[in-house]
There are 2 protein chains.
Amino acid sequence: MSTKYQVVANAIRERIENGTYKIDELIPDQNALAQEFHVNRLTVKKALDGLAAEGLIYKQSGLGTYVRGKIPFITPHDVSVNDFGGAFHHFGEEHIQSKVISFDVELPDERIQKNLSIKHIDPVYNITRLRIVDGKPTVLEHTYMPVRLVPDLEREHVDTSIYTYINETLGLKFGGAFRKFSAFGASGDDIKYLEVEEGSPILEVEQLVWLSNGKMIEYSTSRNPGNLRSYTALNVNNF
Amino acid sequence: MSTKYQVVANAIRERIENGTYKIDELIPDQNALAQEFHVNRLTVKKALDGLAAEGLIYKQSGLGTYVRGKIPFITPHDVSVNDFGGAFHHFGEEHIQSKVISFDVELPDERIQKNLSIKHIDPVYNITRLRIVDGKPTVLEHTYMPVRLVPDLEREHVDTSIYTYINETLGLKFGGAFRKFSAFGASGDDIKYLEVEEGSPILEVEQLVWLSNGKMIEYSTSRNPGNLRSYTALNVNNF
DNA sequence: GAGTGGTCTAGACCACTCT
DNA sequence: GAGTGGTCTAGACCACTCA
């Protein structure tokens with residue numbers, strides 16, 4: 001919130017949301033915006049690049065910058081791959097409830113060592129949680145995190161939001177994530193906890209998250225009953 | 001391939017791939033690279049920003065720029081959401097075969113009108129294709145495209161690669177895509193064409209693609225048997 | 001304190017689109 | 001030709017990390 005280009009980006013985002021800049025219409029050109037905000041044109045461009053990456057606007061060299069309309073097939077149930085809030089933040093405190101099925105510390109097997117780039121002597125948390133949204137079992141999460149990077153993780157954090165603990169208490173920043181989407185038939189724990197029938201479709205997200213310093217902090221799988229949740233992803237081309 | 005930052009980015013990408021810059025090690029700093037390539041430091045920074053967005057490197061202010069290691073759980077079967085090649089390009093001409101199930105021109109219903117941002121009088125192609133990879137039915141694609149944007153689409157293009165026709169013959173560029181991943185149980189056409197059993201898990205990708213001029217060019221759904229294909233997505237955080 | 005990447009400026013030229 | 005966004009430069013200052 002402190003850099004100039006973020007201030008400019010937020011101001012423009014606000015104008016798009018409140019309708020000052022209308023869908024499919026041109027917004028003022030970069031020079032005009034630079035004058036208005038008393039910044040250099042490059043600073044405006046950087047702000048617009050960010051909004052374009054979010055999908056809010058699109059630019060055409062020689063013409064100008066347009067506001068993009070909403071994507072029709074997004075619903076509030078869908079989870080965007082493009083933000084890092086975590087489930088707690090997405091659904092809101094009032095709607096989400098977590099049932100901790102297991103919360104252990106153990107030494108990692110070879111697969112976990114590889115994914116988290118750690119040695120066999122580095123302990124990891126092994127956490128299984130059932131996320132209940134508005135009373136409905138919605139996600140079964142299986143999470144591994146290196147103890148070294150997330151010291152003193154308490155039951156209390158696991159009950160609510162581990163991401164809040166990592167971001168706000170430890171002051172760590174996420175650098176990025178890699179995700180893999182697959183479809184499976186429900187088995188074992190899915191049937192037990194998600195209250196679905198054997199073989200019914202499950203959307204699995206396998207996920208590797210790293211910090212801004214490049215260290216791997218989380219390897220997890222999330223299993224969602226097919227009818228309850230979808231994931232969305234936005235991609236903008238720049239070549 | 002023509003701008004300076006692309007030249008620099010490609011040179012650095014090459015050095016990472018051929019091992020000149022090693023995994024988890026620092027690459028030369030921005031000033032050194034700027035000197036070497038005879039460009040300004042900002043140009044180097046822009047090149048590095050691009051490589052960081054691709055996930056190849058990560059930067060830490062105050063320390064330097066590191067080469068990121070490979071993500072362990074990617075397999076060659078997985079399709080990356082982060083590129084725009086199309087199925088034909090991904091699998092290679094030798095491995096992929098397309099069976100055109102239907103190829104019609106019709107007037108769009110309300111759902112298609114909304115997704116493609118067109119009127120009811122604008123005709124669309126309605127194409128159903130079965131993609132066969134190495135002899136195995138792998139994807140059932142259902143595609144809508146506005147006739148106005150893709151004139152003179154011939155059976156020949158549908159048999160091979162529509163993307164090649166759009167990019168190379170029509171000279172159009174993709175601007176971005178929005179995708180939604182869901183899990184379903186196989187039904188109707190899935191059973192018939194993908195040779196799977198009723199109710200077996202299907203990974204569906206619903207997709208909206210637009211051109212660099214902002215116009216919607218494709219609305220499609222792709223259905224993959226759960227055991228055959230996964231999708232991967234990379235996200236880098238910048239706030 | 002030295003070195004790193006991040007931000008910002010003023011000014012320039014280019015490629016592109018429309019009239 | 002006028003106006004748009006894209007690229008590039010030279011130079012400056014900042015925040016951050018490590019010794």
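**Exercise 1.** Which residue in β9(A) does A:Lys180 stand opposite?

*Solution.* A note before we start: this is a predicted model, in which local features need pLDDT of at least 70, side-chain atom pairs count only at pLDDT 80 or more, and totals for chains, interfaces and linings use all residues. Residues are numbered from 1 along each chain as its sequence is written, chains are lettered from A and ligands numbered from 1 in the order in which they are written, and side-chain values use heavy atoms, leaving out hydrogens and water.

Step 1: find strand β8 (residues 174-185) and strand β9 (residues 201-211) of chain A, which pair in the antiparallel sense over eleven bridges. Strands here are DSSP E runs of at least two residues, helices are H or I runs of at least four, both numbered from the N terminus, and two strands pair if DSSP finds at least two bridges between them.

Step 2: look across from A:Lys180, and you meet A:Glu206.

**Exercise 2.** Find the polar contacts (pairs of N or O atoms within 3.5 Å) that link the protein to DNA strand C.

*Solution.* Step 1: start with the bases. A polar side-chain atom of A:Asn40 lies 2.7 Å from a base nitrogen, and a polar backbone atom of B:Gly62 is 3.1 Å from a base oxygen.

Step 2: turn to the phosphates, where a polar side-chain atom of B:Thr65 lies 3.3 Å from an oxygen.

**Exercise 3.** Which helix supplies the largest share of the surface near DNA strand C?

*Solution.* Count residues with a heavy atom within 4 Å of the strand: α3(A) leads with four.

Technical notes:
A polar contact is a pair of N or O atoms within 3.5 Å; within protein, one must be able to donate a hydrogen and the other to accept it, and residues adjacent in sequence count only if both atoms are side-chain atoms.
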